[in-house]
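Thanks for coming. I will put the structure up first and then go through a few parts of it.

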Amino acid sequence: MKPSKMLQTALGLCTAALIVGCNQSSTAPTAQAESKRPEYVMSVPVTAGDTPQTLEARYGGRVVEFNAEAGVAIMGTGDGQTQALNMQALSLSGVRAEPNRKQFRGGGVAMMSGSRSMWAGGSRSMWAGGSRSMWAGGVYASVAENTVSFQQVKLERAHALAPNLGAGVKVAVIDTGLDLGHAAFAGSLAPVTEWKDYVGGDAVPQEEGTLGVGGYGHGTAVASIVLQVAPLATILPIRVLDSDGAGDTDHVASAIYYAAEQGARVINLSLGSVTRSDVIEQAVKYVTEKKNILVVSSAGNENTNAITYPAAHAFDGADGDRSLSVGSVNARDLKSSFSNYQKDKLELMAPGENIFAAGPGGLLVSWSGTSMAAPIVTGGLALALGQTLSVGLKDVTKKMTENGQDLYTGGLNSAYKDMLGKGRLNLERFLTNAVKY
Ligand SMILES: [Ca+2]
């Protein structure tokens, strides 16, 4: 890109963003905490000798996440506390600022009436103890309510085909945080020194809120679903969504880099935005292409013919090889009424209705959403990574989609022909074709 063009791009975006910002501030007074959050976000190159201080002096704004290995820093601006952007420096670096606040939402609805019961898991032995088999007499013993959904994806066979059950595989759950003390997570979390809470600005990604309101319980459910599929995987909890289930671009992007720093091998993003983000795409591109991490993103719950970002970016390019977009089907393999869909962009479907999962406060709660389908896929990837692969890492997600169950035979899903990806997750076929035996 020529310098003159870059200048136009940077200035054009910032002008547009500033107009939006003015409208927002004139119509909706923001809370004090909100006003301290960056209004815009950008990722800037980090070169030898750079520190957060040199970057702030060069570009203006404030460093949110500094990652020398990635050669990238996430910077925020427009929080009323930082100096103005140096537009010339930004344009010379080809950096674009984009709107930051509340771009991302977790997707899913907790079904609180009729399906709420006390968590019965009790201890890790329920999940992973002794026999390593979570199945008893054809029933998924740990959470019997999920038996049908898990039989649908052949989880019983998958546990036999991947007997390490995801052991040694770190899965980052970038979400609303977790109920860290829930019995479902006993012995399954990464060391406390690795935990991160971008919302609270501390190291304790504990979910906060009221069950049944906003996104409270979302991350606990998502992490618990990963562990139901891959019982010996390790969960790295990173909180980026607040109790409303909403999150900022700078936090989501920072969390993606952070997960890579902590050695995650799969990242679950049960969240999405209708707005494309360069900052997020750069982060996904880095962790997939440079760090060999697999990234799973939910497709969104608006029942529209356009999946959300970053799922919408998971289909092409070298980073697309290690990224998956996931929509939701019901127990009869029909597209869930809420699931987004999109020809070519949506890659895989998984069960996402009435999935029972851990809920804050020792509960077992049923959730529906593409947010629940994604962690079933994530858990499946963790099962594969816990074994010796028979294919290159870049072909793992392809093996998963290629070996999906056809969703169109016999007029099934006829209104969504070719808009539901390659099919519905089949863990037995996937593992048979991706793991060495
Ligand atoms: Ca892909």
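Let me start with a question: which residues of H9 are buried? Before the answer, please note that this is a predicted model.

Helix H9 covers residues 249-261. The buried ones are Thr249, Asp250, His251, Val252, Ala253, Ser254, Ala255, Ile256, Tyr257, Tyr258, Ala259 and Ala260. That makes twelve of the 13 residues of H9, so the helix is largely enclosed by the rest of the structure. Buried here means under 20% relative accessible area.

We can also check the length of H9. At 1.5 Å a residue, its 13 residues should span 18 Å, and the end C-alpha atoms are 19 Å apart, which agrees. Just after H9 comes Gly263, with a positive phi of about 85°.

Next, a sheet. It is open and has three strands, in the order S13-S5-S15, with antiparallel pairing. Strand S13, residues 246-247, and strand S15, residues 271-272, are at the edges; each has a single partner strand, so one side of each has no neighbour in the sheet. Strand S5, residues 104-106, is joined to S15 by two bridges. Across that antiparallel pair, Gly106 sits opposite Leu271 in S15.

Now the metal site. What coordinates the calcium ion? The donors are the O atoms of Ala314, Gly320 and Ser323, together with Glu347, which is listed twice through OE. The distances run from 2.1 to 2.9 Å. Along the sequence, the spacing of the donor residues reads A-x5-G-x2-S-x23-E. Two of these donors, Gly320 and Glu347, link distant parts of the chain, 27 residues apart. Gly320 belongs to helix H11, residues 317-320, while Glu347 is in the loop between S17 and strand S18, the latter being residues 348-351. Gly320 and Glu347 are both buried.

Last, the largest pocket. How much space lies in it? The figure is about 290 Å³. It is lined by 17 residues, and the closest to its centre are Phe315, Glu347, Lys398, Thr401 and Lys422. Glu347 is thus a name we have already met, as a donor to the calcium ion.

Two elements give two or more residues to the lining: strand S17, residues 323-329, and helix H13, residues 396-402. H13 provides the largest share, three residues. By type, the lining divides into nine charged, five polar and three nonpolar residues.

That is the end of my part.

Conventions:
Residues numbered from 1 in each chain as written. Predicted model: local features only at pLDDT ≥ 70, side-chain atom pairs only at ≥ 80, totals over all residues. Heavy atoms only, no water. 1 Å grid on protein atoms, 1.4 Å probe; cavity = no way out; pocket = protein on both sides within 12 Å on 5 of 7 lines; lining within 4 Å. Points joined across faces, edges and corners; volume = space filled by probe spheres on them. Helix = DSSP H or I, 4+ residues; strand = E, 2+ residues; numbered from the N terminus. Nonpolar A, V, L, I, M, F, W, Y, C, P; charged D, E, K, R; others polar. Donors = N, O, S within 2.8 Å, 3.2 Å for Na, K, Ca; no water. Buried < 20%, exposed > 50% of the residue type's maximum accessible area, 1.4 Å probe, protein only. Expected span 1.5 Å × (residues − 1). Pairing = 2+ DSSP bridges.
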